[in-house]
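Q: I am new to reading protein models, and I would like a close look at one part: the surroundings of ligand 1. Please walk me through them slowly, and explain each term as it comes up.

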Amino acid sequence: MKIGILSQHPELYSTRRLVEACTARGHEVQVINTLNCYMNINSIKPSIHFEGQELVGFDAIIPRIGAGVTFYGCALVRQFEMMGVYAANESIAIARSRDKLRALQLLSRKGVGMPVTGFASKPDDIPDLINMVGGAPLVIKLLEGTQGIGVVLAETKKAAESVIEAFLGLKANILVQEFIKESNGSDIRCFVVGDKVVASMMRQGPEGDFRSNLHLGGVGEKVKITPQERKTAIAAVKAMGLVVAGVDILRSERGPLVLEVNSAPGLEGIEQCTGKPIAENIIELIEKEVMARKAKRKVVA
Ligand code: ADP
Ligand code: MG
């Protein structure tokens with residue numbers, strides 16, 4: 001097979017591991033810088049050019065679309081889809097999961113557990129908004145934040161009011177969320193490939209921080225998840241329509257609560273602390289999907 005990895009960072013561990021796994025399993029692989037591609041959109045032969053050449057003959061792509069390039073990245077993935085290339089995460093699913101509000105609405109429709117969450121644009125009654133999610137302490141999040149940046153804990157009602165006012169004054173879209181105290185600054189990252197959780201780790205934030213993101217100094221350790229957590233992670237990924245995803249789950253008194261579903265989860269921390277070959281799992285899934293699509297096409301013909 002010929003596989004393209006859409007990434008702006010060929011030097012990153014995740015990209016390198018995916019390249020390695022493709023090569024080890026006998027595939028041709030090319031890392032394609034998302035922003036450097038340009039597309040020809042037409043109804044006869046849609047195409048993509050990269051480094052002055054038309055990209056041809058790809059069986060599959062692995063989109064690793066960074067949070068800063070969601071718009072262009074999704075357009076590029078969509079163009080590959082129109083050309084009949086299998087995407088290990090469809091553009092529509094990436095867009096759904098990138099928007100925290102849209103993602104939570106979809107999860108709620110499917111009955112997946114999550115912290116009580118409020119959303120507001122220009123609330124005429126901020127204290128009521130705060131009460132709606134159970135009062136202080138509460139968590140305030142920028143809608144498109146990532147890696148823990150833009151996630152704030154307001155310990156008192158007064159602090160919550162001023163932070164909400166400040167964000168809204170800057171015209172930022174925010175979520176207001178029940179604070180899950182009993183998770184103690186830790187969460188569980190479940191890595192899902194297809195319909196399986198292939199690895200999971202517990203992340204613990206640094207002393208004094210309620211956020212467990214590895215980018216903020218959190219540390220990961222291998223964890224055994226419960227059947228209910230496994231079911232929750234898989235249901236969350238299905239609700240988004242993703243096939244490769246990292247689900248962040250809080251352990252709460254009322255069971256597993258999903259915080260978010262990441263469409264381009266990092267491989268480094270989780271492969272290293274669990275010793276699981278996630279990159280190979282992803283390539284195996286792609287092989288299966290591409291074969292199934294080819295078989296289907298033959299039947300139709
Ligand atoms: P990001 O996309 O920036 O990673 P998250 O919603 O995943 O944003 O939040 C970052 C981290 O903050 C989480 O991994 C978790 O440790 C902590 N956190 C987020 N929301 C809550 C909450 N409602 N209660 C307790 N901890 C939370
Ligand atoms: Mg997160």
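A: Let's begin with the word "near": a residue counts as near a molecule or strand when one of its heavy atoms lies within 4 Å of it. By that rule, 22 residues surround ligand 1, and the closest are Lys100, Lys141, Gly148, Asp187 and Asn213. This is a predicted model, in which local features need pLDDT of at least 70 and side-chain atom pairs count only at pLDDT 80 or more, while totals for chains, interfaces and linings use all residues. Residues are numbered from 1 along each chain as its sequence is written, chains are lettered from A and ligands numbered from 1 in the order in which they are written, and side-chain values use heavy atoms, with hydrogens and water left out.

What kinds of residues make up this shell? Seven are nonpolar, seven are polar and eight are charged. Here Ala, Val, Leu, Ile, Met, Phe, Trp, Tyr, Cys and Pro count as nonpolar, Asp, Glu, Lys and Arg as charged, and the others, Gly among them, as polar.

Now zoom in on some polar contacts, which are pairs of N or O atoms within 3.5 Å. Lys141 places a polar side-chain atom 2.7 Å from an oxygen atom of ligand 1. With Glu178, a polar backbone atom is 2.8 Å from a nitrogen atom of the ligand. Phe210 also uses a polar backbone atom, 3.4 Å from a ligand oxygen. Of the 550 Å² of accessible area that ligand 1 has on its own, the protein covers 99% (areas from the Shrake-Rupley method with a 1.4 Å probe). The elements that give two or more residues to the shell are β9 (138-142), β11 (174-178), β15 (244-252) and β16 (255-262). Strands like these are DSSP runs (E, at least two residues), as are helices (H or I, at least four), numbered from the N terminus.

Next, step back to the whole protein. An automatic or database domain assignment divides it into domain 1 (2-89), domain 2 (117-179) and domain 3 (182-263). Ligand 1 lies between domain 2 and domain 3, because both give residues to its shell. As for domain 1, its C-alpha centre is 37 Å from that of domain 2.

Strand β9 is worth another look for what comes before it. Pro137 sits in the loop between α5 (126-132) and β9, and the peptide bond from Ala136 to Pro137 is cis, with omega near -5°. Another backbone detail is found at Glu51, in the loop between β4 (47-50) and β5 (53-54). This residue is not a glycine, yet its phi is positive, near 50°. To put both details in context, most residues other than glycine have a negative phi, and most peptide bonds are trans.

Terms used. A polar contact is a pair of N or O atoms within 3.5 Å; within protein, one must be able to donate a hydrogen and the other to accept it, and residues adjacent in sequence count only if both atoms are side-chain atoms.
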